[in-house]
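Let's take a walk through this structure together. Have the sequence and the 3D view ready, and follow along at your own pace.

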Amino acid sequence: MVSTNAVSGVLMVGTLAAFLAASTTLRDTPFSGTASTQHQQPFKPGEWGYADADWLRQHYNITMLSEDPPVIQFNNFISQERIDAILHFAKPKFARSTSGIEREVSNYRTSSTAWMLPDVLGNDPMQAHLKDMEEEIARIVRLPVENQEHFQVLQYQKNQYYKVHSDYIEEQRQQPCGIRVATFFLYLNDVEEGGGTRFPNLNLTVQPAKGNAVLWYSAYPNTTRMDSRTDHEAMPVAKGMKYGANKWIHIHDFVTPWANGKTV
Ligand SMILES: O=C(O)CCC(=O)C(=O)O
């Protein structure tokens, strides 16, 4: 497990060369299992920790928006080609977003959602894009691909929002998938005005920028204890539209129990 001290240490050793290399190497490339993964050992089942910021620096163009808890921005994580493919596929499928374990519609969250579920995807070639990103995210968080929920693509029209919440769902402690430990959020367009992701307890607002992604954690490392420091909200869009996508990452396998109807 990588401590937050390691995270802050890495901040000081980042070099311009690392930034330049990062922006031209692994972005959008499939998982190759090269030497770079050797010190990027996956966590053992049931264990987890923060991403290894040292490793991230070497492979991506990142900005540490917060050190403790880490909130890590990946600059230019997703290519225009992928964004176009995802939005082309998702746009006809948007339906009112829900929240919580009951998946309720409420005025707490007014956006629209398109879930990238297997039956929705069928044999669409878009799957290759999603699979590559899922493998890349798994490498980043060092948890198996199966621990990830399906991509959830979001659309916010003017004035739409998601009020302050945690992605941690208490009831999932009792489910086979366990709690959500991390969120990897993709920004799929530039928003003309408003629409930032605001972390009130960290005094931090992330302004959407097309192609960027942000990683944060909803629990303390290697625990199932909620970390409310990363409570956040999607601020209302003041002008234009906002498109994004959630990737929620669990402490255990999410996909298998979900496919067997044992989790939501
Ligand atoms: O749209 C955003 O900026 C964040 C979305 C979010 O918090 C969520 O869907 O849980």
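Before we look at any strands, one term: two strands count as paired if DSSP finds at least two bridges between them. With that in hand, start at strand S4 (residues 112-115), which is joined to S5 by 4 bridges, the two strands running antiparallel. To see one of those pairings up close, find Ala-114 and look across to S5, where Val-153 is its bridge partner. Keep in mind as you go that this is a predicted model.

Now zoom out from that pair. S4 and S5 belong to an open sheet made of 8 strands, and if you read across it the order is S1-S2-S11-S7-S14-S5-S4-S3, with antiparallel pairing. Strand S1 (62-66) and strand S3 (95-96) sit at the edges with a single partner strand each, so one side of each has no neighbour in the sheet.

There's another open sheet to find, this one with 4 strands. Its order is S6-S12-S9-S10, and here too the pairing is antiparallel. At its edges you'll meet strand S6 (162-165) and strand S10 (204-206), each of which pairs on one side only. On average, neighbouring strands in this sheet are turned by 15 degrees against each other, if you ignore direction. Inside the sheet, strand S9 (residues 197-199) and strand S12 (residues 232-234) run antiparallel and are joined by 2 bridges. Thr-197 is a handy landmark here: its bridge partner in S12 is Ala-234.

Hold on to Thr-197, as it leads us to the ligand. Which residues come nearest to the ligand? There are 13 residues around it, and the nearest are Tyr-156, His-165, Thr-197, Lys-242 and Asn-246. Thr-197 has a polar side-chain atom 2.5 Å from an oxygen atom of the ligand. For Tyr-156, a polar side-chain atom lies 2.6 Å from a ligand oxygen. Arg-109 joins in as well, with an N or O atom of its side chain 3.0 Å from an oxygen atom of the ligand.

How much of the ligand does the protein bury? On its own the ligand exposes 300 Å², and the protein buries 100% of that. The space that the ligand takes up is the largest cavity. Strand S5 (152-156), S6, S12 and strand S14 (242-250) are the elements that give two or more residues to the shell around the ligand. S14 gives the most, with 3 residues. You've already met these strands: S5 and S14 in the sheet of 8 strands, and S6 and S12 in the sheet of 4.

Technical notes:
Residues numbered from 1 in each chain as written. Predicted model: local features only at pLDDT ≥ 70, side-chain atom pairs only at ≥ 80, totals over all residues. Heavy atoms only, no water. Axes fitted to C-alpha atoms, helices over the stretch in contact; angles between N-to-C directions. Near = heavy atom within 4 Å. Polar contact = N/O pair within 3.5 Å; in protein donor to acceptor, adjacent residues only side chain to side chain. Areas by Shrake-Rupley, 256 points an atom, 1.4 Å probe, with all protein chains shown as cover. 1 Å grid on protein atoms, 1.4 Å probe; cavity = no way out; pocket = protein on both sides within 12 Å on 5 of 7 lines; lining within 4 Å. Sits in = over half its atoms within 2 Å of the grid points.
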